[in-house]
Amino acid sequence: RPGDAQAPSANGAWFGGILSVGRLSSGDVVFEEVVLPVELRGDELRVEGARTRLLGGGLSASLYADLGGVPPRYRIEGLVQDLSLTQLLEATGSERDLTGTLNLEVDLEAVGSTRPEQLSTLDGQLCVALLDGEMPLRGDAGIRPEREGERHWQLRRLERQLGMVREQLVARAQ
């Protein structure tokens with residue numbers, strides 16, 4: 001849906017609109033009720049109030065990119081609520097037995113023309129909450145005291161696996 005026509009700004013051309021899609025997929029990840037408001041003024045790209053339903057939960061985000069800056073600047077703010085861990089792990093090809101929901105809050109900034117520059121300047125915060133879930137020990141639904149050490153190592157493996165899931169999602173977004 002194109003935005004209202006306006007005269008070009010001092011920065012150059014203007015474009016604005018809202019992309020609304022009922023269902024969109026990327027690999028095994030399905031986005032439903034996608035709303036993506038986009039505004040481009042000169043070299044500045046803004047996406048404010050983007051939202052979608054995703055893996056049993058919701059995602060909302062805002063993005064700002066100054067592509068003409070020297071060096072270019074980027075900022076993303078996002079909120080994921082009630083995302084199903086089971087559906088997330090299935091969509092990313094994991095066979096991990098994990099239940100519960102994930103809440104995620106992102107507020108990140110980066111500066112640079114290349115990916116290594118952007119990664120070296122990345123700043124902000126990422127808050128993660130795992131809710132109402134469980135990670136059963138292999139072959140044992142209950143936790144015995146002598147297995148507590150094994151649970152610790154399984155939690156460490158889970159942290160690494162969530163890191164890999166994050167990397168896969170970032171790679172798909174790029």
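**Note on the predicted model**

1. P37 lies in strand β2, and since the model is a predicted one, what follows about this residue and its surroundings describes computed coordinates. P37 counts as buried because its relative accessibility is 18%, and the cut-off for that class is under 20%. Setting aside the neighbours within four places in sequence, P37 is in contact with G17, I18, R46, V47, E48, G49 and A50. The C-alpha atoms of P37 and S20 are 8.5 Å from each other, although these two residues are 17 apart along the chain.

2. The strand that holds P37 is paired with β1: strand β1 (residues 14–26) and strand β2 (residues 29–41) run antiparallel and are joined by 12 bridges. As one example of the register, G16 has E39 as its bridge partner in β2. The two strands form a hairpin with 2 residues between them, and in that turn G27 has a positive phi of about 65 degrees. In a regular strand, side chains alternate between the two faces of the sheet.

3. Turning to charged pairs, the count of salt bridges comes to 9. One of these pairs is R53 with E33, where the closest N and O atoms are 3.7 Å apart. This pair links distant parts of the chain, given that R53 is in strand β3 (residues 44–54) and E33 is in strand β2, with their positions 20 residues apart in the numbering. How exposed is R53, by its relative accessible area? R53 is partly exposed, at 42%, and E33 is also classed as partly exposed, with a relative accessibility of 48%.

4. A further salt bridge is made by the side chains of R46 and E44, with an N to O distance of 3.5 Å. R46 has a relative accessible area of 31% and is therefore partly exposed, while E44 is partly exposed at 22% relative accessibility. R46 deserves a second look, as this residue is also among the contacts of P37.

5. The side chains of R75 and E77 form a salt bridge as well, at 2.9 Å from N to O. Both partners are again partly exposed, with R75 at 26% relative accessibility and E77 at 36%. Elsewhere, salt bridges that share partners join R23, E32, E33 and R53 into one network, so that the R53 and E33 pair described above belongs to a wider set of charged residues.

6. On the nonpolar side of the surface, L126, V128 and L130 make a patch of about 270 Å². V128, one of the three patch residues, is found in strand β7, which covers residues 123–134.

7. For the protein as a whole, the model contains 3 helices and 7 strands, which follow one another along the sequence in the pattern β-β-β-β-β-α-β-α-β-α. Of the 174 residues, 26% are buried, and P37 is one example of a residue in that class. Among contacts between residues at least 6 apart in sequence, 38% join residues at least 24 apart. The accessible surface comes to about 11400 Å², and carbon and sulfur atoms account for 53% of this area.

Methods:
Residues are numbered from 1 along each chain as its sequence is written. This is a predicted model: local features need pLDDT of at least 70, side-chain atom pairs count only at pLDDT 80 or more; totals for chains, interfaces and linings use all residues. Side-chain values use heavy atoms; hydrogens and water are left out. Helices (H or I, at least four residues) and strands (E, at least two) are DSSP runs, numbered from the N terminus. Buried means under 20% relative accessible area, exposed over 50%, partly exposed in between (1.4 Å probe, protein chains only). Contact means heavy atoms within 4.5 Å. Accessible areas come from the Shrake-Rupley method with a 1.4 Å probe; for residues, only the protein chains shown count as cover. Patches are made of residues with over 30% relative accessible area and no salt bridge: like charges are joined within 9 Å, nonpolar side chains (Val, Leu, Ile, Met, Phe, Trp, Tyr) within 5 Å. A salt bridge is a side-chain nitrogen of Lys or Arg within 4 Å of a carboxyl oxygen of Asp or Glu. Two strands pair if DSSP finds at least two bridges between them.
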